[in-house]
Amino acid sequence: MLNQLTSYLHQNVTPGEAGNLVWATLYILIIFAGVSLAVILMNWGERKALAHMQVRLGPMRVGPHGLLQPIADAVKLLIKEDIMPSEADRLVFWMAPLAVVIAAFTVYLVVPFGPTHAVTDMNIGILFMLGTSSLGVLGIIMAGWASNSHYPLLGSLRSSAQMVSYEIAMGLAVVSAVLMTSFTGTGPWAAGSGSGVGTLSMIGIVEAQKTQHVWFVFKFFPLGLMAFMVFAIAMVAETNRAPFDLPEAESELVAGFHTEYSGFRWSLFFLAEYAAMIAVSSIAVTLWLGGWLRPFGTWLSGPTWDVVFSLVPGGFFLLLALAAFYNTARMPRHPMLRVQTLGLGAFGALLGLIGLLLLAPPVRDRIQDIFWFVFKVAVFMYLYIWYRGTFPRYRFDQLMKVGWKVLLPLGLAVLIATALVGVGPELAAWARGGH
Amino acid sequence: MKELSPTSHLEMEEKDKTFLDATELTLNMGPQHPSTHGVLRVILKLDGEKILGTECVIGYLHRGVEKIAEHRTYTMFNPYVDRMDYVAAVSNGLGYCEAVERLLNVEAPPRANYIRVILTELNRIASHQLWLGTHALDIGAITPVFYCFRDREEILKIFEKYCGARLTTHAFRIGGCQYETYEGFEKEVLKFCDFVDPKIDEYEELLTHNRIWVERTKGVGVITGDECKALGVTGPVLRGSGVKWDLRKAQPYAVYKNFEFEIPTGQNGDTYDRYLVRVAEMRQSLRIIRQAVGGIPEGPIMAKIPKVLKPPVGEVYHSIEAPKGELGYFIVSDGSTQPYRVRVRPPSFVNLQALDTMVRGRLVADVVAIIGTIDIVLGEVDR
Amino acid sequence: MRARAVTFVRKALLGDLFQGLAVTFRNQHPGQVYTEQYPLERPQIAERYRGLPRLHVNPETGETLCIACDLCAKACPEHLITVESERDAATRRKRLTRYWFDISRCMFCGLCQEACSTDALELSQDFELAQYSRDGLVLNRSRLEHGPETTVYTR
């Protein structure tokens with residue numbers, strides 16, 4: 001086993017490809033912990049960011065500025081009574097949250113945080129991701145059925161219909177991005193000549209963006225952007241978030257599929273929803289936004305710029321630490337808040353330490369890829385919260401109309417256009433020369 | 001004899017019955033519900049997702065206000081009327097005081113009337129802001145409610161400084177006003193007008209052209225002007241259907257004759273038009289307030305009325321344009337200190353009848369939006 | 001024609017959605033936060049606010065300003081005030097003995113403070129009126145004169 005531990009460090013592939021079980025398990029555990037931490041942060045972030053958009057403060061009491069609120073929520077959910085409806089189908093009722101969670105977490109096997117920082121790199125990576133995330137729909141139908149009540153059943157049917165419809169639009173957008181990986185030309189406009197070989201592997205797609213020196217969102221402007229927008233809208237509908245959250249909206253009559261679930265089972269649905277959000281965001285980031293590549297990779301290239309950008313992760317955490325210290329200073333001087341002020345100061349110190357650690361040369365070169373990937377996914381998470389705060393809700397028939405009559409034709413058109421622009425030079429050459 | 005139930009009249013006719021009758025469903029939107037604006041019970045008869053008919057069951061907030069009136073003196077009853085439309089309490093007080101003044105044949109002095117108009121128009125803006133926030137919340141936009149309540153706070157602060165209470169204001173008295181305007185009243189009201197003008201623009205930025213909002217509200221809950229007149233529906237619902245009827249212009253009361261303002265109307269009678277009408281009304285109210293503040297005359301604020309009010313035997317019906325429609329008071333006096341009968345014509349009660357017409361043929365998801373667009377307050381519906 | 005083209009482009013580029021997003025984005029500024037963190041920050045109460053009733057006493061002599069005219073009890077729509085008095089043999093004036101004010105059903109309409117012929121009865125700016133029992137809501141004369149006894153919590 002020690003051999004396995006050390007031998008991997010000299011290889012330049014993912015643990016899955018190297019067949020290294022120990023490191024693969026380690027990566028899985030790290031990713032699982034990371035995603036769980038991300039969900040916890042997302043819970044806090046959503047409540048605070050949404051509150052600030054609504055000119056209020058959000059949680060402030062449970063820990064300084066509500067930082068311990070997610071922990072309080074988790075404890076509450078764990079100790080809550082587990083209620084099962086008496087007429088419910090017990091096996092299916094128990095299995096449904098498991099199905100959703102397993103589907104949501106299995107997706108992370110191929111998510112690339114760096115050129116070798118993934119559990120494994122399947123050569124059908126993106127297909128695997130889309131397929132596995134679709135399995136979550138099964139869990140939702142199971143949940144609605146097992147509740148033995150017609151409101152959750154209707155809600156789950158609507159939810160699953162919505163998710164399935166938008167997967168088609170997602171798929172078309174993904175295909176046009178995959179098509180772009182086969183081009184050999186570099187820069188946003190060149191398609192290249194000769195037949196390139198595209199790839200479905202997640203790491204391969206980011207490598208293709210690296211070799212083509214352009215993120216696919218800017219390729220063949222505006223086609224890449226349109227494909228990205230189609231995916232961005234479809235992914236919001238896929239995860240049942242505003243403005244497409246009618247099936248789980250509180251003010252509508254039909255309550256969501258998770259009505260009969262309480263306590264830990266409900267928290268599993270919640271976990272799966274946020275994990276799915278992070279998963280589809282990482283698809284978007286990988287396919288169009290250059291995955292782990294740092295911004296301005298081609299325009300601001302060279303060793304000095306590399307060093308500058310490598311200081312960003314540490315600088316980011318130092319900024320957060322500064323914000324924490326600033327808020328510590330601003331805390332009201334009341335005996336009730338003594339412990340909170342201390343806690344916030346300690347938290348700021350912790351962030352500062354992490355920032356300093358990330359500034360150290362041996363760390364800052366290695367942390368770059370992971371940091372940029374996580375940063376881009378975090379931006380998407382903020383976008384999710386922003387949409388929730390701004391837009392009203394679509395009615396169900398309007399929602400389906402957008403999915404089938406707007407996004408599907410648009411995705412198809414973008415795909416055909418990308419293909420035409422891609423083979424354009426070849427067609428032109430063939431028309432001219434003829435062979 | 002076939003037994004009648006509350007929903008008998010909603011039974012489908014033979015020709016409407018579908019082949020698989022199992023799709024017919026009676027749904028109860030119970031009194032406790034996050035979005036029926038109070039304790040309103042709506043029984044829906046559905047064909048799948050389409051609505052065939054509705055039945056409203058009210059009375060969950062009935063407090064016997066009209067019965068209480070028979071056992072209180074006219075002055076004592078004044079605080080009770082605020083509690084009917086508790087969202088816009090000042091209008092209720094205005095209607096009642098003016099009705100009793102008609103009965104007594106006195107007129108409030110001009111200064112009191114100006115103060116009344118300013119407070120009533122501020123109250124109209126506050127009511128429409130609350131309506132906008134809760135209506136947007138029902139449709140799914142969760143932020144306008146906070147913006148509307150934040151801006152409404154300024155109005156409530158002015159009310160608090162003037163009469164001592166934010167919501168149940170008891171602002172006016174029979175014969176005029178009790179309180180003189182406080183120091184800096186005019187300045188604060190003008191400051192508020194300048195503050196809220198860009199805020200109304202902000203609400204519009206968020207909603208008016210938003211494609212999701214337009215799709216949720218255009219064509220939803222249509223009612224024609226004739227149907228409104230047949231049902232007795234008044235207020236922004238009537239004006240949204242194109243009928244230019246506003247009691248402030250048709251039967252002017254207080255000093256509305258002195259001010260220049262427009263009556264916004266809609267064209268299609270759908271939810272979107274009613275939204276535009278109410279937002280425009282907020283702007284027109286600001287116009288009235290600015291004109292009124294500019295010209296408050298000096299003078300007394302209370303007319304000469306006896307200490308013990310004993311109106312002569314008779315009856316009066318006086319109505320005003322409350323934010324929700326025509327609010328009317330029918331008071332019968334038998335010569336004693338207590339009224340013989342006070343009957344309130346609440347706009348929400350009459351407007352609620354339009355729910356059935358508006359909701360037929362629509363989907364279940366629209367019911368909540370349509371109840372919101374009628375703008376009802378259960379305190380008024382049930383009294 | 002040009003206007004229609006502009007509207008079409010704006011619709012295609014999701015202009016209305018970005019407009020809404022801009023509104024919520026700029027309202028995130030910390031200066032826009034409207035929350036008052038009670039109980040650390042107390043709200044500003046207006047002078048005319050109709051809150052907890054108080055019976056004022058003469059600051060020099062400590063004697064009540066109430067002359068037991070009973071007008072407040074007559075003015076209350078809910079008959080929540082009870083005034084008990086006795087005739088002072090020497091000065092032949094009424095003197096207040098006991099006074100009860102039941103705030104459990106009080107509307108805080110202010111008719112009592114308007115009716116008071118002296119400056120005795122006033123609805124003060126106190127809004128924190130919670131009690132642990134229903135009897136605690138019937139205020140007797142001493143509670144009306146001394147005002148609320150608040151406990152300040154520090155933890």
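# Reading a predicted model: strands, interfaces, domains and backbone outliers

Guide: In chain B, strand β7 (residues 325–333) is joined to β8(B) by five bridges, and the two run antiparallel. This is a predicted model.

Visitor: Which residue in β8(B) is the bridge partner of B:V332?

Guide: The partner of B:V332 is B:R341.

Visitor: How many strands form the open sheet, and in what order?

Guide: There are three, in the order β6-β7-β8 of chain B, with antiparallel pairing.

Visitor: Which strands stand at the edges of the sheet?

Guide: An edge strand is recognised by its partners. β6 (314–322) and β8 (341–345) of chain B each have a single partner strand, so one side of each has no neighbour in the sheet. As for twist, neighbouring strands of this sheet are turned against each other by 15 degrees on average, direction ignored.

Visitor: Which helix packs on the sheet?

Guide: Helix α3 (residues 89–104) of chain B does, touching β6 and β7 of chain B. The direction of α3 makes about 150 degrees with that of β6(B).

Visitor: Into which domains is chain B divided?

Guide: The assignment gives domain 1 (8–57) and domain 2 (65–382). The centres of these two domains of chain B, taken over C-alpha atoms, are separated by 31 Å.

Visitor: How many residues of domain 1 of chain B are in contact with domain 2 of chain B?

Guide: Contacts are counted on each side. Here 15 residues of domain 1 of chain B are in contact with 18 residues of domain 2 of chain B. On the domain 1 side, the elements giving two or more residues are β2 (41–47) and β3 (50–57) of chain B. β3(B) gives the most to that side, with five residues. By residue class, the domain 1 side divides into seven nonpolar, six polar and two charged.

Visitor: How many residues of chain B are in contact with chain C?

Guide: The same reading applies between chains. In this case 19 residues of chain B are in contact with 18 residues of chain C. On the chain B side, α2 (74–81), α5 (144–163) and α6 (185–207) are the elements that give two or more residues. The most come from α5(B), which gives four residues. The chain B side divides into six nonpolar, six polar and seven charged residues.

Visitor: What pattern does chain C follow along the sequence?

Guide: Chain C has five helices and five strands. Read along the sequence, the pattern is α-α-β-α-β-β-α-β-β-α.

Visitor: Is chain C a compact globule or more spread out than one?

Guide: The radius of gyration is set against the value from the globule rule. For chain C the radius of gyration is 27 Å, well over the 15 Å that the rule gives for 155 residues, so chain C is more spread out than a compact globule. Along the principal axes, the C-alpha atoms of chain C fill a box of roughly 95 × 45 × 30 Å.

Visitor: Where are the domains of chain C?

Guide: Domain 1 of chain C covers 2–32 and domain 2 covers 53–146. The C-alpha centres of domain 1 of chain C and domain 2 of chain C lie 58 Å apart.

Visitor: What share of the residues of chain C count as buried?

Guide: Of the 155 residues of chain C, 21% count as buried. On contact range, 69% of the contacts in chain C with a separation of 6 or more are between residues 24 or more positions apart.

Visitor: What should be expected of phi and of peptide bonds?

Guide: Most residues other than glycine have a negative phi, and most peptide bonds are trans. Chain A has exceptions to inspect. A cis peptide bond joins A:F221 and A:P222, with omega about 0 degrees. A:P222 lies in the loop between α8 (202–211) and α9 (223–238) of chain A.

Visitor: What is the phi of A:F220?

Guide: A:F220 is not a glycine, yet its phi is positive, about 50 degrees. A:F220 is placed in the loop between α8 and α9 of chain A.

Visitor: Where does A:F296 lie?

Guide: A:F296 lies in the loop between α10 (263–288) and α11 (303–310) of chain A. A:F296 has a positive phi of about 55 degrees although it is not a glycine.

Visitor: Are A:F220 and A:F296 buried or exposed?

Guide: Burial is read from the count of C-beta atoms around a residue. A:F220 is buried, with 24 other C-beta atoms within 10 Å. A:F296 is exposed, with 10 other C-beta atoms within 10 Å.

Methods:
Residues numbered from 1 in each chain as written. Chains lettered and ligands numbered in written order. Predicted model: local features only at pLDDT ≥ 70, side-chain atom pairs only at ≥ 80, totals over all residues. Rg over C-alpha atoms; globule rule 2.2 N^0.38 Å. Buried ≥ 20, exposed ≤ 12 C-beta atoms within 10 Å, placed from the backbone. Contact = placed C-beta atoms within 7 Å. Domains from an automatic or database assignment. Nonpolar A, V, L, I, M, F, W, Y, C, P; charged D, E, K, R; others polar. Pairing = 2+ DSSP bridges. Axes fitted to C-alpha atoms, helices over the stretch in contact; angles between N-to-C directions.
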